Amino acid sequence: MEGIEFQLMAKAAQGETSAFEQIYDRYSGALFGVILKVVNDQAGAEEVLQDSFVKIWRSIASYDAAKGRPFTWMLNIARNTAIDRIRTRDHREGSKIQRLDTHVYRTGTDPMTAATDGIGMDKVMAGMSVEQREVIDLAYYQGYSQQEISERTGLPLGTVKSRTRAALSHLRTVLKDHR
């Protein structure tokens, strides 16, 4: 375990609130940007961000550095919380989950997108094929399993898995080059 982010996680896991405050300061902007793209509602995104950090605080002792970086761990918690919120809302309202491709893949300059795209996902996603973006959109932003994506799109499960693997490989390459 190396780096400030791992040290902050270890201190927060021991109950040190100042370390958790630093974690919040470092990552809340990027997490909010992803949450906002999932829930597509400013007030809802703020609530999900708060719920996410409560979950992070409660489960921080279970974080395992061997399984990934702290940001990735927190991002999964935030994304899952956002997807849960949408599914609950959609179930209650009987509405469909909104597709995000009209928001995620914009080529124009939208001040809201620029302000909330804390990790540069618009640029990263633009480097993927349309097929890869669709799979990532369905899996990551809308919460579908690979089997559900296969059923929804009519693609063979193997094709869905291959596209997911290729998209994740692209993301890994871009993020390594970004460091």
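Here is a quick tour of this protein chain, from its overall make-up to one pair of helices.

Keep in mind that the model is predicted. The protein chain has ten helices and zero strands, so reading along the sequence just gives you α-α-α-α-α-α-α-α-α-α. A few whole-chain values are gathered here.

| Property of the protein chain | Value |
|---|---|
| Buried residues | 39% of the 179 residues |
| Contacts with a separation of 6 or more that join residues 24 or more positions apart | 63% |
| Exposed area | about 10300 Å² |
| Part of the exposed area supplied by carbon and sulfur atoms | 50% |

Now zoom in on helix α3, which covers residues 42–59. With 18 residues at 1.5 Å a residue, α3 should span 26 Å, and its end C-alpha atoms are indeed 26 Å apart, so the two agree. Which residues of α3 are buried? They are G44, A45, V48, L49, S52, F53 and I56. As background, an α-helix has 3.6 residues a turn, so residues three or four places apart point the same way.

Helix α2, residues 17–39, is a partner of α3: their axes come within 9 Å and cross at roughly 140°. Angles over 145 degrees would count as roughly antiparallel, and α2 and α3 are therefore oblique to each other. The crossing of α2 past α3 is right-handed. On the α2 side, the contact involves T17, F20, I23, Y24, S28, L31, F32, I35, L36 and V39. On the α3 side, Q42, G44, A45, E46, V48, L49, S52, F53, I56 and W57 take part.

How values were computed:
Residues numbered from 1 in each chain as written. Predicted model: local features only at pLDDT ≥ 70, side-chain atom pairs only at ≥ 80, totals over all residues. Heavy atoms only, no water. Helix = DSSP H or I, 4+ residues; strand = E, 2+ residues; numbered from the N terminus. Buried < 20%, exposed > 50% of the residue type's maximum accessible area, 1.4 Å probe, protein only. Contact = heavy atoms within 4.5 Å. Areas by Shrake-Rupley, 256 points an atom, 1.4 Å probe, with all protein chains shown as cover. Expected span 1.5 Å × (residues − 1). Axes fitted to C-alpha atoms, helices over the stretch in contact; angles between N-to-C directions. Parallel < 35°, antiparallel > 145°, perpendicular 65-115°, else oblique. Left-handed = near helix turned anticlockwise from the far one by under 90°.
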